[in-house]
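These are my notebook entries on one protein chain, written down in the order in which I looked things up. I began with the overall make-up and then turned to single strands and side chains.

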Amino acid sequence: MFQPLRTRAVRWAAAATAVLALAGVGLVAATGPAYAVPFPFTDDFEGTPADRWVADAVAGQTAVRLGNHPNARSVSKVASLDAGHASTSARIYRTVTPDITTPVPVNCTITVYGRRVLGVLPTETASVHVYLKIRAGGATGPVILTKGKEFTATTSWTRWDVGNLSYPSYTFTIDIAAYYGKVMLDDLTFRCVGFP
């Protein structure tokens, strides 16, 4: 008629564990894909770029601005990296988890547009040095691709064909740094195609 207290407690604990486990599975399934980025993708710095990109500048020496600019290449926003006269960089980075729901072997090409605003060495018409790195994992992960370019044009946007990368089936970080001046960046694109 009456169950011992211990038996009821065990059954209650088992039922609670089962409910939490099922709820946990539902939460994992519901939140996992929300962070995945479908490929190919373009980041044109629109919306709220500070939600996707981390600005890394040295106070009083370098500056990073993610936002509106009247000379944006597309729409209205850009990333502006100002390394000024410092020997350190103005840097932004973004961590991306690819959507690999249908993984296929592909090759990706990376392009970005840049426009020099101001160079500082040896004259103010000098080029601005920009380096793009792809890191496995987070912002301090090992570098798997490094490319550099000098931007000289101030009146027009220059397309930079950064390079190729095998389709990343893991989280990676896009790391962009500028040295010796100020540059605007826009329309970073990963285009991926299947292997022949």
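The entries below go from the whole chain to one strand, then to charged pairs and to rings.

**Entry 1: the chain as a whole**

I note at the outset that the model is a predicted one, and that every value here is computed from it. I looked up the secondary structure and found one helix and twelve strands, and when I read along the sequence the helix comes at the start of the pattern, with the strands following. I then looked up burial, and 38% of the 196 residues count as buried. The accessible surface of the chain comes to about 11000 Å², and carbon and sulfur atoms account for 59% of that area. For the contacts, I took those between residues at least 6 apart in sequence, and 77% of these join residues at least 24 apart.

**Entry 2: strand S11 and its neighbours**

How many of the residues of strand S11 are buried? I find that seven of its eight residues, in the run 172-179, are buried, so that I can describe the strand as mostly covered. I next asked which strands pair with S11. Strand S6, residues 90-98, runs antiparallel to S11 and is joined to it by seven bridges; within this pairing, Ile-92 has Ile-176 as its bridge partner. Strand S8, residues 128-136, also runs antiparallel to S11, and here I count eight bridges. On that side I noted Tyr-131, which stands opposite Ala-177 of S11.

**Entry 3: salt bridges**

I searched the structure for salt bridges and found seven. As background, side chains of opposite charge can pair when their charged atoms come close.

I looked first at Asp-43, which takes part in a salt bridge with Arg-94 at 2.6 Å, N to O. Which parts of the chain does this pair tie together? Arg-94 lies in strand S6 and Asp-43 in strand S2 (residues 41-43), so the salt bridge ties together parts that are 51 residues apart in sequence. Both Arg-94 and Asp-43 are buried.

Asp-43 also meets the side chain of Arg-52 in a salt bridge, at 3.0 Å, N to O. Is each partner in this second pair buried or partly exposed? Arg-52 has a relative accessibility of 29% and therefore counts as partly exposed, whereas Asp-43, with a relative accessible area of 2%, is buried.

I then turned to Arg-159 and Asp-161, whose side chains meet in a salt bridge at 2.7 Å, N to O. Arg-159 counts as partly exposed because its relative accessibility is 43%, while Asp-161, at 51%, counts as exposed; the cut-off for exposed is over 50%.

My last search under this heading gave a network of salt bridges that links Asp-56, Arg-91, Arg-135 and Asp-175.

**Entry 4: aromatic pairs**

A search of the whole structure gave me five aromatic pairs. One of them is formed by Phe-172 and Phe-190, with 5.6 Å centre to centre and 45° between the planes, and I record it as tilted. Phe-172 lies in strand S11 and Phe-190 in strand S12 (residues 181-194), so this pair ties together parts that are 18 residues apart in sequence. Phe-172 counts as buried, at 0% relative accessibility, and Phe-190 counts as buried at 0% as well.

Why does the pair of Tyr-179 and Tyr-180 count as tilted? The two ring centres are 6.3 Å apart and the planes stand at 45°, so I enter the pair as tilted. Tyr-179, with 24% relative accessibility, counts as partly exposed, and Tyr-180 is partly exposed with a relative accessible area of 29%. I also note that Tyr-131, Tyr-179 and Tyr-180 form one aromatic cluster, and Tyr-131 is the residue that I had entered above as standing opposite Ala-177 in S11.

**Entry 5: charges over rings**

Finally I looked for charged ends that sit over aromatic rings. The charged end of Arg-73 sits over the ring of Tyr-113, and its distance from the ring centre is 3.5 Å. For Lys-149, the charged end sits over the ring of Phe-151, 5.7 Å from the centre of that ring.

How values were computed. Residues numbered from 1 in each chain as written. Predicted model: local features only at pLDDT ≥ 70, side-chain atom pairs only at ≥ 80, totals over all residues. Heavy atoms only, no water. Buried < 20%, exposed > 50% of the residue type's maximum accessible area, 1.4 Å probe, protein only. Helix = DSSP H or I, 4+ residues; strand = E, 2+ residues; numbered from the N terminus. Pairing = 2+ DSSP bridges. Salt bridge = Lys/Arg side-chain N within 4 Å of Asp/Glu carboxyl O. Contact = heavy atoms within 4.5 Å. Areas by Shrake-Rupley, 256 points an atom, 1.4 Å probe, with all protein chains shown as cover. Phe/Tyr/Trp six-rings, centres within 6.5 Å; stacked < 30°, edge-to-face > 60°. Lys NZ or Arg CZ within 6 Å of the ring centre and 35° of its normal.
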